[in-house]
Amino acid sequence: METNKRNEKTTGFNEITMETLRDRAVTMRDCLARSQIITDSMTSILGSFDLRLSALETAMRPTQVKTHSMRKAHENIDKTLKFADAILIQFELTKQAEAVILKGPQEDLQSYLEAVGQLKTIVRFFSTNKNLKTSIGVITHATTLLQKASMMLEDEFRQLLSSYSKPVEPDRLLDCLPASLRPTPPTAHGEGVRKNPADHHKDLENVVYRPPTLIPPKVTPLLHDLAQQMHQAGHQQQVFMIYREARSACMESSLRKLGVEKLHKDDVQRMQWEVLEAKIGNWIHFVRIAVKLLFAAERKVSDEVFEGMKSFMDQCFAEATSTSVSLLLSFGEAIAKSKRSPEKLFVLLDMYEIMKEVQPEFNTLYESISGAEMRESVSALTKRLAETAQETFVDFEEAVDKDATKTAVLDGTVHPLTSYVINYVKFLFDYQSTLKLLFLEFEQIDPDAQLAKITTRIMQALQNNLDGKSKQYKDQALTQIFMMNNIHYIVRSVRRSEAKEMLGDDWVQIHRRVVQQHANQYKRICWSKILQCLTVQVAGNDGTSTAGVSRATVKERFKTFNNQFEELHQRQSQWSVPDSELRESLRLAVAEVLLPAYRSFKKRFGPMIEGGKNPSKYIKLTPEDIERMLAEFFEGKTLHDQKR
């Protein structure tokens with residue numbers, strides 16, 4: 001029963017729910033119907049508005065067109081008025097520029113240049129508006145003014161550049177050099193003190209050059225503006241010629257005032273050596289001053305005046321200095337082409353050295369195509385100096401080998417040729433770094449080996465020549481003294497110089513033995529005969545007694561010894577061994593042989609004479625006398641000194 005009750009309740013609830021849903025569905029249908037009516041009404045209203053707006057737009061279109069046309073007309077009128085104002089302004093500017101142009105640039109160059117610029121702007125303005133009746137006339141007038149301005153600017157450029165292109169005074173250039181590289185004042189003999197090349201290389205380390213200011217800084221901007229205006233106007237040739245004429249004359253006059261002169265080979269040949277050597281020394285300073293100071297300063301001028309015109313800048317600089325470069329190099333070329341001689345070698349090396357020193361900087365200054373010819377000139381001179389120096393080496397070696405001077409060295413001392421050659425070789429080693437560069441100028445070789453080879457050949461040539469000169473002596477003992485002295489001088493000089501490193505210890509030891517050989521030969525030739533006087537050979541005599549030896553024989557031996565020794569003393573005290581150590585060692589070597597022999601002979605046979613009549617007639621000398629007289633050997637005394 002309970003189940004039946006629950007079913008009845010459920011059925012009743014469902015009926016109520018369905019009724020409610022039906023009511024709501026009816027309500028929603030009514031609402032949708034009303035919304036559709038409202039939508040249709042709005043659509044109808046809006047449609048009527050669209051028709052009305054279209055009609056209004058159609059009615060207003062003529063008015064809109066008229067308004068747009070009026071606005072466009074106003075804009076055109078404004079543009080025309082503005083253009084008219086611009087034309088009037090251009091006319092006024094033309095009038096103002098004309099006044100400035102006709103006045104000239106002398107009083108106010110900057111304003112003049114501004115007026116020229118303004119005229120160019122005016123020409124451009126009317127050139128783009130050629131439909132105006134006045135355009136052609138204005139352009140023609142402005143162009144005429146610009147032509148007149150160009151002529152005035154050209155004159156101003158010439159006048160301004162000329163005013164500041166005066167030669168640079170020598171003192172001013174010398175003051176710009178580092179103190180260590182300034183020429184030394186002349187000595188009492190009129191020559192500057194020559195620096196050792198090694199010291200010169202030290203001087204070059206960390207030096208600072210201060211090129212002079214050739215044109216005041218306030219003037220170069222004006223020259224730049226003038227050059228630029230002329231360049232833009234197409235007057236490059238006029239600018240080039242004006243600049244070259246003014247600056248070339250300035251550079252050349254500066255060098256001539258400094259002392260640079262143009263020389264030819266024939267001029268060099270006629271000069272005395274002392275004069276030529278002094279001129280070469282001066283030229284070396286001139287090259288350094290010209291490249292590192294004068295040309296460097298001129299490069300700065302051209303860079304500033306022609307800034308922004310690179311190729312033109314390089315061309316103007318090259319042409320402005322070409323005559324000066326030619327003048328400077330002419331002296332070096334004359335020396336390089338002149339007749340070679342040994343004394344020129346060192347000045348040739350000095351000249352080669354300065355050219356190698358300035359060449360990198362010169363190539364930088366003239367790095368453009370315009371400077372190619374001058375770079376080649378410097379390179380050619382450097383090469384030519386190297387060739388001449390190398391040829392002079394060969395000449396010197398041959399001259400030493402074939403030297404036929406008849407200068408007699410009567411006392412057997414060191415020959416002038418020996419001291420000359422040794423000093424020459426020692427001085428060569430002061431130029432080691434330069435010589436090594438020179439050797440590499442022609443081929444890739446070991447420069448140290450090449451220098452050693454040349455030095456060895458020169459030494460051998462000297463020895464060959466000395467050997468020939470030694471044969472002039474009639475006294476063979478003096479021949480040995482001469483060779484001993486000269487070879488000893490060579491060895492001692494080599495040991496005390498840088499040549500030792502090149503020639504080596506073996507060379508030194510070999511030639512020291514040669515000196516000793518000549519000393520031994522001297523002793524053999526000179527003292528063997530006199531020592532025979534102090535030797536008596538008797539059969540059956542043990543050499544200590546006087547048995548079998550007659551008094552007459554002893555007297556004759558003493559007499560012969562006295563005569564021979566006195567003759568040797570008289571002659572050999574005139575001979576010279578200038579080295580004190582060598583002289584003493586040679587005396588000692590003689591004494592070590594002679595004195596013991598004399599003492600022994602005198603002790604053995606002296607009593608046979610002393611007991612007879614006039615012993616002093618035969619025994620004239622004591623060992624002490626002999627020792628004293630030996631101490632006078634090789635002193636280079638004259639006959640007058642001996643008599644005194």
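Which helix gives the most to the lining of the second largest pocket? Select H18, which puts six residues into that lining.

Before you go on: this is a predicted model, where local features need pLDDT of at least 70, side-chain atom pairs count only at pLDDT 80 or more, and totals for chains, interfaces and linings use all residues. Residues are numbered from 1 along each chain as its sequence is written, and side-chain values use heavy atoms, with hydrogens and water left out.

**Stop 1: the pocket**

Show helix H16 (476–495), helix H18 (505–532) and helix H20 (580–610), since each supplies at least two lining residues here. (Helices are DSSP runs of H or I, at least four residues, numbered from the N terminus.) Now centre on His488, Arg512, Val515, Asp579 and Leu582, which lie nearest the pocket's centre among its 17 lining residues. The space comes to about 450 Å³. By class, the lining has six nonpolar, four polar and seven charged residues.

A pocket, on a 1 Å grid over the protein atoms alone, is an open set of points with protein on both sides within 12 Å along at least five of seven lines; a cavity is a set where a 1.4 Å probe fits but cannot get out, and lining residues have an atom within 4 Å of a point. Volume is the space filled by probe spheres set on the points.

**Stop 2: the cavity**

The structure holds one cavity of 30 Å³ or more, with a volume of about 40 Å³. To find it, select Val287, Val291, Leu328, Leu329, Met355, Val358, Phe362 and Val378. That lining is eight nonpolar residues, with no polar and no charged ones. Helix H9 (273–305), helix H10 (310–337) and H11 each supply at least two of them, and H11 gives the most, with three.

**Stop 3: along H11**

Stay with H11, residues 345–365. Its 21 residues reach 30 Å from first C-alpha to last, close to the 30 Å expected at 1.5 Å a residue (1.5 Å times one less than the number of residues). Look for the bend of about 40° at Gln359, with Pro360 following within four residues; the angle is between axes fitted to the seven residues ending there and the seven starting there. Since 16 of the 21 residues are buried, H11 is largely enclosed by the rest of the structure (buried: under 20% relative accessible area, 1.4 Å probe, protein chains only).

**Stop 4: H14**

Finally, pick H14 (residues 432–440) and colour its buried residues: Gln432, Thr434, Leu435, Leu438 and Phe439. Viewed down the helix axis, they fall within an arc of 160°, so they line one face of H14.

Note on methods:
Ala, Val, Leu, Ile, Met, Phe, Trp, Tyr, Cys and Pro count as nonpolar, Asp, Glu, Lys and Arg as charged, and the others, Gly among them, as polar. Buried means under 20% relative accessible area, exposed over 50%, partly exposed in between (1.4 Å probe, protein chains only). The arc is that of the directions from the helix axis to the C-beta atoms.
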